[in-house]
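Trainee: I keep meeting words like "antiparallel" and "exposed". Could we go through what earns those labels?

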Amino acid sequence: MNWIILIIGGLFEVGFAACLGKAKYATGTAVTWWYVGFVICLTISMLLLIKATETLPIGTAYAVWTGIGAIGTVLVGILIFKESVDFWRVFFLATLILSIAGLKFVSN
């Protein structure tokens with residue numbers, strides 16, 4: 001169950017990074033709402049990480065949490081913010097995914 005909590009926390013990490021990206025391009029009151037979304041996602045993400053580390057090793061949990069955030073943020077950047085997609089970005093994204101899967105596999 002804590003792996004699911006950790007994955008959801010990682011997705012909220014993607015949410016707070018996406019809110020920062022959207023706030024950068026927003027104007028007027030929309031900027032405030034994107035920052036509110038950032039604070040909400042950040043809080044939920046951290047609380048879920050704390051909950052997951054009650055039973056998971058902190059090193060593994062943190063690496064998986066940040067990895068999910070990194071992978072998700074790169075994908076949001078590509079899909080929403082139209083960032084570039086090239087061989088090396090995809091290659092290193094794939095190695096990150098394999099590393100996260102490996103950490104889960106070798107953790108108790």
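**Labels and their cut-offs**

Mentor: Sure, start with helix α2 (residues 29-52) and helix α3 (residues 58-79): they pack at an angle of about 150°, and their axes are 10 Å apart. An axis here is a line fitted to C-alpha atoms, for helices over the stretch in contact, and angles run from 0 to 180 degrees between N-to-C directions.

Trainee: What makes α2 roughly antiparallel to α3?

Mentor: Under 35 degrees counts as roughly parallel, over 145 as roughly antiparallel, 65 to 115 as roughly perpendicular, and the rest as oblique. The angle is about 150°, so α2 is roughly antiparallel to α3.

Mentor: A word of care: this is a predicted model, where local features need pLDDT of at least 70, side-chain atom pairs count only at pLDDT 80 or more, and totals for chains, interfaces and linings use all residues. Residues are numbered from 1 along each chain as its sequence is written, and side-chain values use heavy atoms, leaving out hydrogens and water.

Trainee: How many helices and strands does the protein chain have?

Mentor: Four helices and zero strands, in the pattern α-α-α-α along the sequence. Helices (H or I, at least four residues) and strands (E, at least two) are DSSP runs, numbered from the N terminus.

Trainee: Trp 88 sits in helix α4 (residues 87-106). Why is Trp 88 called exposed?

Mentor: Buried means under 20% relative accessible area, exposed over 50%, and partly exposed in between (1.4 Å probe, protein chains only). Trp 88 has 52%, so it's exposed.

Trainee: And what share of the protein chain counts as buried?

Mentor: Of its 108 residues, 34%.
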